[in-house]
Amino acid sequence: MSDLPDTQKLLQSLQAENTALRDRLHELSQQLAAGMNKPAFERALIAQPIAYALAGEGDCREDYLRLLAWVRQQGSHSEHADETADLQALQMGDERLQAELRGLMERLEASRWPQVRRHVPAVESIAKQVQALFGKTQNHQSKPHNSGLLMLAEDYTKHLPPPNPLSELQPNFMSIAGSEDKPCFMENTPKLGKQPFFLSDAKTVLAFTLYCLENDFYRLDLLFGTCLRVNSCQLRLIIREYNHVKPGPVVRVVQFDGMEVFDNQFHPIRFEPISNSAGKNYWIELDSPDARPEASLAVWCQEKSPWLQAVVSAEPLESTTVAAAPKNHQFSNVLSTTSAQHLLLVSGLVLAEDGSRLRSLLYRWEQWLKAEQETAQVWICSALSASQQAECEAQGWVVKNTAALPVLLEEAKTSTADSIFLCDVHALPENNLLQQTADLWHDPQVAALIPCELDAKQRIQAAYAITVRDGGLKYPAAGMPVDHPEYNYRRKVNACHSTLLRLRRSALVQVDLSILSEYDQPLMQLNDMLMQFEQQGKHSLYQSKFSYQRAQAIVTPPVTFAEQQLFSRRWQAQLPTHLSAFSQPRHFINPAQRPTVLVVNDTLLEFDQDSASLRLYTLLKIWVKLGYHITFVADNADSAPRYRQALEDLGIAVYHGDYTIQQAMHDLTYDYAFIGRVEVGFRYIPFVRLLSPETTIFYDTVDIHYIREQRQAEIENDVEIARKAKITKRKELHNCKISDLVLTVTDEDGKHLQKDLPWLQYAVMPNIHTRPTLPPQSFAQRDGLVFIGNYDHAPNEDAVFYFVEEVFPLIQKKLPGIKLYLLGSHMKTNMQALASEYIKTIGWVDEVEPAFNQRRLFVSPLRYGAGMKGKLGQAMSLGLPVVTTSIGAEGMGLTDGENALIADDTASFAEAVCQAYENAQQWQALADKGQAYIEQHYGETAVKQQLENLLLIKI
């Protein structure tokens with residue numbers, strides 16, 4: 001208890017820091033909402049870069065749009081006023097407008113909502129501008145005047161400034177050619193930069209170059225940040241030709257209003273298409289001739305990337321990314337049989353141009369099918385000439401001469417294949433699609449698999465989509481790195497924008513394909529089909545490990561208003577009412593609004609190597625089944641695919657490598673945080689408490705570390721370990737104090753903590769054990785003793801050497817020839833040296849159950865430790881009787897002679913082993929009662945109920 005005053009001081013200090021930070025964040029949010037000048041903006045960016053830079057759509061877009069519409073309405077009244085109206089009429093109009101502004105400010109100030117009140121400064125700014133405008137009107141009342149904006153525009157185009165030097169920064173942009181109906185995305189910045197370039201005066205110009213891949217360059221999207229919610233400055237975009245030496249003649253000038261630009265969104269700048277733009281470079285300048293520090297915009301930029309210059313000289317993608325089929329290759333019958341397991345519908349083909357690409361694609365399929373000893377039938381779904389059709393049919397491929405999806409799918413219903421792949425000829429999977437999708441396809445409830453389409457930079461071009469309440473589609477994964485945790489894990493979806501899908505024919509049979517014909521766009525046809533699958537109770541799954549690359553970027557035309565309305569009418573009851581087109585990005589990360597849990601552990605869960613990882617892994621499986629959105633963070637940033645993908649397959653976002661807990665907390669807010677182990681809790685509990693005061697924090701002790709260290713110090717008489725135990729105790733008690741609820745593996749662990757913290761609330765969350773999957777072996781079919789453990793854990797290593805040196809010789813005297821099998825991970829050289837005719841140092845095994853099923857007894861001679869010992873529960877759950885010590889049995893409620901044998905001294909332990917090893921009747925009774933006891937208290941059903949009860953606790 002001597003450390004409590006220091007801990008209380010630390011807690012008070014943390015609380016004071018928390019209060020100060022919340023006050024600062026509140027002040028900052030007010031500044032950002034109301035608008036600020038350039039210096040204030042820069043200070044805010046430095047003070048809280050993550051909170052503001054590229055934060056996505058704001059909370060008040062709808063408020064902003066209403067305010068903007070009102071401002072425009074008032075401006076429209078002034079613009080269309082009778083030019084012959086006298087000054088008195090204008091003065092009366094000005095007085096009415098000022099009165100309306102004052103009334104609006106009063107209503108805003110009276111609101112109880114901060115997001116409404118924060119518009120007051122913007123309205124005050126408008127009132128001042130209205131007054132200034134009226135003053136100018138008085139000065140020019142007697143002058144003949146055309147439209148001021150028109151005169152200004154003419155002045156801009158007649159007196160363009162000379163070219164400015166290229167800027168040191170390059171903006172975040174997307175260049176687009178073609179047309180609104182068929183846009184073709186060309187050069188884009190490879191990543192989002194976070195450096196603001198301020199257009200804060202008439203002399204500041206952002207100059208950069210871009211390269212066009214296609215003709216009819218007509219649109220440039222730039223990522224803006226606004227300093228005022230309603231920004232009155234005008235902007236100008238100048239496009240000049242560029243010959244790699246100097247800027248050439250001006251080809252386009254575009255002017256637009258700063259009021260059009262919304263904060264941290266790509267703003268489309270459209271202009272008359274440049275018809276012959278393919279293969280040309282352009283010099284782009286962006287300026288704001290009437291900008292000033294208090295009314296300016298920022299363009300989000302990054303340092304120049306050599307990748308942009310490399311695009312100009314790069315070879316065509318086709319020559320570098322397509323693995324061609326061998327010359328004169330004759331395809332085998334695995335791609336032509338009519339009684340095949342798979343049906344490949346290949347579309348997007350113009351044989352004269354894409355013949356080699358088709359052969360390369362089908363050559364890959366041929367190799368995959370041979371490897372899996374399966375077959376496929378190929379349908380070429382394109383309109384071909386007679387000679388082209390004959391060429392395809394000579395290979396045994398069926399030519400359908402149509403790309404109409406409803407027609408093709410209706411015919412596919414009659415196929416014998418149950419697996420249908422929709423393949424665009426430009427979609428080029430590098431890996432075996434059959435292997436990639438095999439584990440997902442085993443579930444008969446899966447009707448469709450949605451892949452991840454990648455570009456050459458391993459960014460997502462197309463994947464799943466999310467429907468919003470008006471029937472529109474959102475593509476949250478587009479443009480993100482493929483390894484981003486929130487777009488990498490397995491999930492159920494009901495919409496997509498990929499061009500390659502795997503469909504189950506048995507589910508397709510129940511789809512009303514006539515409805516699909518009502519849509520013109522294949523994208524909407526597919527998404528209506530996916531919604532029909534969901535209506536059947538079937539699943540459509542997405543996971544990024546099912547992936548492919550395209551030889552050319554996908555062009556997804558915008559959904560027309562008519563098709564969006566049709567989709568909305570058909571699926572109104574299923575569309576999410578809480579998601580609008582302007583919802584924040586985090587809403588699309590968790591579109592179902594499931595409760596969120598942040599899980600922080602020291603490493604990824606090595607569930608096949610230690611019981612603590614197995615416990616948490618099983619707990620997460622239960623949590624996912626209960627419908628929670630789980631985010632997992634490994635403190636050591638481990639990215640090991642085996643253990644990371646196991647969590648992603650459950651539907652868990654795993655932040656690893658360069659993806660930190662800071663990013664996880666920026667992406668989402670969390671209802672619960674589950675933080676385990678002493679050192680991890682000591683670092684992260686204050687951090688989570690500070691950044692997210694509303695999050696309920698569970699501290700998972702796993703075991704009471706300082707108790708284990710104290711016991712080790714007593715056995716080994718080690719002063720240094722005793723000193724370490726005191727430090728650990730202070731940290732562990734600190735974690736308990738500042739978390740909302742402490743979780744222990746056993747009730748005994750909770751009582752240990754209450755000796756120092758009598759007021760402490762804790763809940764028991766024990767190890768979780770599953771039922772055996774193999775038929776049990778009889779007493780006579782088994783032999784030998786077995787022990788398993790992670791030998792980086794000191795109590796396990798101590799137990800083995802103690803047993804081998806002191807207990808095993810006594811057993812061998814009574815049972816000559818008996819063998820000891822040592823299993824487990826991280827077996828060191830000194831333990832491997834124990835290997836002999838009677839001691840088998842096997843080490844780590846892939847599957848524990850088969851190894852346990854051969855042995856007759858599990859021995860666990862632990863002399864120190866704490867918490868529930870997962871190895872005992874695992875052995876008993878598999879029907880393997882256990883002989884252990886009081887320390888080994890601690891926290892499990894075992895009864896000696898009933899469901900386990902418990903002995904502490906050397907002779908008694910050896911006697912218990914010999915007795916159970918030779919007595920078949922006692923062995924069977926221990927096996928049956930031990931297995932039943934574990935199922936009743938530590939099975940998945942029991943622990944699931946405990947977890948549900950835990951989440952109902954009011955903290």
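**Notes on a predicted model: one buried residue, one sheet, three cavities**

1. Start with Asn-796, which lies in helix α27. The structure is a predicted model. Keep that in mind for every point below.

2. Is Asn-796 buried or exposed? Its relative accessible area is 3%. The cut-off for buried is under 20%. Asn-796 is therefore buried.

3. Which residues touch Asn-796, once neighbours within four places in sequence are set aside? The contacts are Phe-787, Gly-789, Asn-790, Tyr-791, Leu-862 and Lys-871. Now compare sequence and space. Asn-796 and Pro-861 are 65 residues apart along the chain. In space, their C-alpha atoms are 8.8 Å apart.

4. Pro-861 comes up again in a cavity. It helps to line the second largest one, together with Phe-787, Ala-799, Val-800, Phe-803, Leu-820, Leu-822 and Val-859. Two elements give two or more residues each to this lining: α27 (794-814) and β32 (820-823). Helix α27 gives the most, with three residues. Note Phe-787 too: this residue is part of the lining, and it is also in contact with Asn-796.

5. What is the make-up of that lining by class? It has eight nonpolar residues, no polar ones and no charged ones. The space inside is about 40 Å³.

6. Next, the cavity count. There are three cavities of 30 Å³ or more. The largest has a volume of about 60 Å³.

7. Look at the walls of the largest cavity. Its lining is made of Asn-601, Asp-602, Leu-605, Ala-612, Ser-613, Arg-615, Leu-616, Arg-677, Asp-700 and Val-702. Helix α20 (residues 611-625) supplies the largest share, four residues. By class, the lining has four nonpolar, two polar and four charged residues. Set this beside the second largest cavity, where the lining has no charged residues.

8. Now the sheet. It is open, has seven strands and pairs in parallel. The order is β26-β25-β24-β27-β28-β29-β30. Which strands stand at the edges? They are β26 (653-655) and β30 (762-764). Each has a single partner strand, so one side of each is left without a neighbour in the sheet. On average, neighbouring strands are turned by 20° against each other, direction ignored.

9. Take strand β28 (residues 696-700) inside this sheet. All five of its five residues are buried, so the strand is largely enclosed by the rest of the structure. Both faces are covered. Thr-696, Phe-698 and Asp-700 sit on one side, with Ile-697 and Tyr-699 on the other.

10. How many bridges pair β27 (residues 672-676) with β28? There are five, and the pairing is parallel. Gly-676 stands opposite Asp-700 in β28. Asp-700 links two of these points: this residue is buried in β28, and it also lines the largest cavity.

11. Finish at the β30 edge. Strand β29 (residues 741-744) is joined to β30 by three bridges, and the two run parallel. Thr-744 stands opposite Val-764 in β30. Helix α26 (residues 747-756) lies across both β29 and β30. Its angle to β30 is about 165°.

Conventions:
Residues are numbered from 1 along each chain as its sequence is written. This is a predicted model: local features need pLDDT of at least 70, side-chain atom pairs count only at pLDDT 80 or more; totals for chains, interfaces and linings use all residues. Side-chain values use heavy atoms; hydrogens and water are left out. On a 1 Å grid over the protein atoms alone, a cavity is a set of points where a 1.4 Å probe fits but cannot get out, and a pocket is an open set with protein on both sides within 12 Å along at least five of seven lines; lining residues have an atom within 4 Å of a point. Grid points are joined across faces, edges and corners, and a volume is the space filled by probe spheres set on the points. Ala, Val, Leu, Ile, Met, Phe, Trp, Tyr, Cys and Pro count as nonpolar, Asp, Glu, Lys and Arg as charged, and the others, Gly among them, as polar. Buried means under 20% relative accessible area, exposed over 50%, partly exposed in between (1.4 Å probe, protein chains only). Contact means heavy atoms within 4.5 Å. Two strands pair if DSSP finds at least two bridges between them. Axes are lines fitted to C-alpha atoms, for helices over the stretch in contact, and angles run from 0 to 180 degrees between N-to-C directions.
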